[in-house]
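Reader: Hello! Could you take me on a close look at how one pair of helices packs, and then show me the sheet as well?

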Amino acid sequence: MNVGKSGYRVFSANSTTACIELSKKITERLGVDLGKSVVYQASNKETRVDVKESVRGQDIFIIQTIPRDVNTAIMELLIMAYALKTSCAKNIIGVIPYFPYSKQCKMRKRGSIVCKLLASMLAKAGLTHIITMDLHQKEIQGFFGFPVDNLRASPFLIQYIQDEIPDYRNAIIVAKSPSAAKRAQSYSERLRLGLAVIHGEAQCSESDMADGRQSPPLVRSSSGHPGLDLPLMMAKEKPPMTVVGDVGGRIAIIIDDIIDDVESFVAVAELLKERGAYKIYIMATHGLLSADAPRLIEESAIDEVVVTNTVPHEVQKLQCPKIKTVDVSMILAEAIRRTHNGESMAYLFRNITTDD
């Protein structure tokens, strides 16, 4: 396809080799060349963007994968979007397979909803549409005043299970915590497999973080409110970690959207082994795999960790051969094509329910 006559261009908001790989896969599927731009850090650590070709009156798609330095990646995206806006681009669509700060999407104690702040920053920079994948919470779409297409990686991961896991019919889908049960149930229903849920103290609930309001109050007289007698809220006490469901003699497939720090996954894998599971797989959309994750996976009872290429993790794969990658560039490329042509996105969401 002639890029100049296609009416749209695709740029990468990051010039590093690891992050530009997904962009090249997408443009190859679209039959266009990757837009010419340079994104770099100046000597004073400021991010600079130099767009090398005209974008006037065209649809521009910015692909930004999130490497280790998430804040730099955000600034790269913001500055490139603003540069394209001031260069008279018609529409600026951010293709952000893994949306950063998505776990900070709820008000907790005296914190802030950072995800909503980021949504406002992206809109102010000039973005008019976002294409992403498996948001940590679907309600994040409500933070934006423009369209957000939240694609799903589950068809690719389900196909991997069917093609690459021998005897997957003897498997059972495992939710790492009760909050992940709905996502796991979607997999179990589509694969016609059983469902087990991990319950107990290994579940790291973000709402249980320490807060000043749980500290002992200052000693003061209650004479000012003689009629105020509030009921006492009992403190939570997590039970010992246990498995709800029978995993004995079966393949356990743990389902989640993000795998970052892996200590909780390792603890779940050990429990499943104790309960009789003879193979353990982890399926997740976004493989952040921070800190010592590759080493912990390699030394654990986990047999394989399968993630998509929404986040660069080539270094982690070299450190741990148990990590496998599923390519999702196909659906991202199709979303770009349909967005530019004004076609319906319904085909990409066929058989997807509100619970998925």
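Author: Gladly! First, a word on terms: an axis here is a line fitted to C-alpha atoms, for helices over the stretch in contact, and angles run from 0 to 180 degrees between N-to-C directions. Please keep in mind that this is a predicted model.

Let us start with the helix pair. Helix H5 covers residues 154-164 and helix H6 covers residues 181-191; their axes come within 11 Å and cross at roughly 50°. That angle makes H5 oblique to H6, and the crossing in which H5 passes H6 is right-handed. On the H5 side, the contact is made by Ser154, Leu157, Ile158, Ile161 and Gln162, while H6 brings Tyr187, Arg190 and Leu191. Sorted by character, the residues of this contact are five nonpolar, two polar and one charged.

Now for the sheet. It is open and has five strands in the order S1-S4-S5-S6-S7, with parallel pairing. Strand S1 (8-12) and strand S7 (148-151) stand at the edges; each has a single partner strand, so one side of each is left without a neighbour in the sheet. From one strand to the next, the twist averages 15°.

The S1 edge is worth a second look. S1 pairs with strand S4 (residues 59-63) in the parallel sense, over five bridges. In general, strands of a sheet pair through backbone hydrogen bonds, either parallel or antiparallel. Ser12 stands opposite Ile63 in S4. Across S1 and S4 lies helix H2 (residues 17-30), which runs at about 160° to S1.

Notes. Residues are numbered from 1 along each chain as its sequence is written. This is a predicted model: local features need pLDDT of at least 70, side-chain atom pairs count only at pLDDT 80 or more; totals for chains, interfaces and linings use all residues. Side-chain values use heavy atoms; hydrogens and water are left out. Helices (H or I, at least four residues) and strands (E, at least two) are DSSP runs, numbered from the N terminus. Angles under 35 degrees count as roughly parallel, over 145 as roughly antiparallel, 65 to 115 as roughly perpendicular and the rest as oblique. A crossing is left-handed if the near helix is turned anticlockwise from the far one by less than a right angle, and right-handed if clockwise. Contact means heavy atoms within 4.5 Å. Ala, Val, Leu, Ile, Met, Phe, Trp, Tyr, Cys and Pro count as nonpolar, Asp, Glu, Lys and Arg as charged, and the others, Gly among them, as polar. Two strands pair if DSSP finds at least two bridges between them.
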